[in-house]
Amino acid sequence: MAHTGGIPIWVCYMGTLLAALCLHPISVGGVGQMLNEIPSSSLPAAALKLEAAFENSATTLNHSMAMVQRMETLLAQGNGSDVALRVQTVNTDEVKVIQAHTLVLMLQSEVFEELLLSRNTSTVVLREPADCAAVFDKFIRYLYCGDIAVRLDQAIPLHKLASKYHVWNLQQGLNQYMTGHLSSDSPTGHVVSWYQYAMQIGDVNLRDSCLQYLSWNLSSVLQSGEWGSISDDLLLSLLQRSDLILQSELELYEALESWIGQNHPASLIVENALKQVRYGMIPPQQLFRLQKQSPLMLKYYESIRDLLYLAFQFHSASPVQLAKYFDVNCSIFTPRNYLSWGSPWIINNPTRDDRSFSFQTQLGPSGSDASKRVTWNALFSPRWLPLTVRSTYTNEMQATRTDGGRPRIIVTPATSSPDFAGVSFQKTVIVMARQGGKMVVRHVFNFHQSTEEAGDFLVDADLHRRASEYLIDSSLYLHIVVKPIYHSLIVARK
């Protein structure tokens, strides 16, 4: 390192700088200029840190909104435009011309960059389907301004344009928009069309989000105009699921009958759909009525006769006896999440203290169990230690409360009974929320008889925040469903 009379050069520079500051105070910018005049090779780490400190103390003046407004004006007025986008609607004579700027388009889209670099004229012809052409000016505005106002019916065409022209930020934003607006109200519904679009483009996340929303809110979907627009494949996918949330299996059958009457599908589709109905979950008196009064069942009776016969056998014998001769693990004996098989529970101010609640359900869907009831005790605690660190108590319903705990819920039968033989109970806790101005299912927690408790119950919920997405008017809206699951008692059938 160079020295001056035994003193390093950078010390001389710093001494001169400090002396100048004392005699002639200058601005931060002036300090930065003086530092810039010092050779970087002569500045050690300490001097560089001082320069960085001055830079970090600078105030940022943000005029980005004014810049956005100027860009919007530039697009609207076409000043300095060097390219015309001629947007033709496919299969029509409709044409829309947008005066644009090559630099902006090339910066935002590699597809536009390729088109503009290979053009021979000042006009670029683009052919788009009607739905995309209708929102093309909105799409171009996003390239200039970086923001966009989206309606439910515009999400798909805008997503098509973002994908086609490789505008990835917009594509990702629209994915998030659709996932977050599944419950929004629309005149004809939009979740089914978004599901079909997700299937078309192979978007697994959007597809699964739509399918989950339809499954968890099926009762409201069945009563909407959107139910009639469901495709054959989506219908069969829904009918195969055990996590559907609806009032009863009878409600599903009647909705299926309505869908078939509205869409007139091929006979094979009808037969496959009817075979997915879980007739064992429909009370026998209702099955008798359907046999005589349902035009659909009368027409396709031969296709489902064996299933109906098995359902009547299920209702005529106890599950223990039935399990000796039939596979009770098949879908016809597996319940879905029927709201009528449980009870709602509204917990006001859920962070305040522990709450308990009792309700009754039928022992099982079998006709032999129609008169047998089970009383259930539910306990909710806003601050509850996990089972692994909980002390041993004589009363299993007693909770350990702590400020460091998290919300817990347990559901146990009030008494045991010999009638429980061959049956286990799956408890499903449904958490409701208000989205888009209506009540929807926010989350579903499942746990079995062996645990009595949902270990991950509301693990991510902030119930202390009044605006929590899990709360409705500062209350926790739950619906507890108890589903009996039958087990085969003898492996070899007689």
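This is a selection-by-selection tour of a predicted model.

**Whole chain**

Start with the protein chain coloured by secondary structure: 20 helices and 14 strands should appear. The chain has 494 residues, and 43% of them count as buried. Switch to a surface representation next. The exposed area is about 25800 Å², of which carbon and sulfur atoms supply 52%. For a contact map, take the pairs at least 6 apart in sequence; 66% of those contacts join residues at least 24 apart.

**The main nonpolar core**

Select W227 and Y279. These two have the most contacts inside the largest nonpolar core, a set of 96 residues. Then add helix α15, residues 249-263, which gives this core its largest share, 7 residues.

Stay on Y279 and show what surrounds it. With residues up to four places away in sequence set aside, Y279 touches Y253, L274, L287, M297, I304, L307, L308, A311, H315 and I332.

A second core is separate from the one above: this set has 32 residues, including L105, F112, F139 and V167.

**Aromatic pairs**

Now display the rings of Phe, Tyr and Trp. The model contains 13 aromatic pairs. Go to F136 and Y165. Their ring centres are 6.1 Å apart and their planes meet at 80°; planes over 60 degrees apart count as edge-to-face, so this pair is edge-to-face. F136 belongs to helix α8 (residues 136-145), while Y165 sits in the loop between α9 (155-164) and α10 (168-180), so the pair ties together parts 29 residues apart in sequence. Both residues are buried.

Move to F288 and F312 for a stacked pair. The centres of these rings are 4.8 Å apart and the planes are at 25°; the limit for stacking is under 30 degrees, so the pair counts as stacked. Select the two helices that carry the rings: F288 is in α17 (residues 284-293) and F312 in α19 (residues 301-316), so this pair links parts 24 residues apart in sequence.

Which of the two is buried and which is partly exposed? F288 is partly exposed, at 48% relative accessible area. F312 has 19% relative accessibility and counts as buried, because the cut-off for buried is under 20%.

Return to F136 and Y165 and add F112 and F139; the four residues form one aromatic cluster. F112 and F139 were also named above as members of the second core.

**A charge over a ring**

Select R442 together with Y470. The charged end of R442 sits over the Y470 ring, 4.8 Å from the ring centre.

**Cysteines**

How many disulfides does the structure hold? The count is 0. Two cysteines to select are C132 and C210. C132 is buried at 2% relative accessibility, and C210 is buried with a relative accessible area of 0%.

**Strand β9**

Finish at S356, in strand β9 (residues 355-362). S356 is exposed, with a relative accessible area of 61%. Show its contacts while leaving out neighbours within four places in sequence: W345, A378 and L379 remain. Then draw a C-alpha to C-alpha distance from S356 to V411. The two are 55 residues apart in sequence and 9.8 Å apart in space.

Terms used:
Residues numbered from 1 in each chain as written. Predicted model: local features only at pLDDT ≥ 70, side-chain atom pairs only at ≥ 80, totals over all residues. Heavy atoms only, no water. Helix = DSSP H or I, 4+ residues; strand = E, 2+ residues; numbered from the N terminus. Buried < 20%, exposed > 50% of the residue type's maximum accessible area, 1.4 Å probe, protein only. Contact = heavy atoms within 4.5 Å. Areas by Shrake-Rupley, 256 points an atom, 1.4 Å probe, with all protein chains shown as cover. Phe/Tyr/Trp six-rings, centres within 6.5 Å; stacked < 30°, edge-to-face > 60°. Lys NZ or Arg CZ within 6 Å of the ring centre and 35° of its normal. Core = buried A, V, L, I, M, F, W, Y, C linked by side-chain atoms within 4.5 Å. Disulfide = S-S within 2.5 Å.
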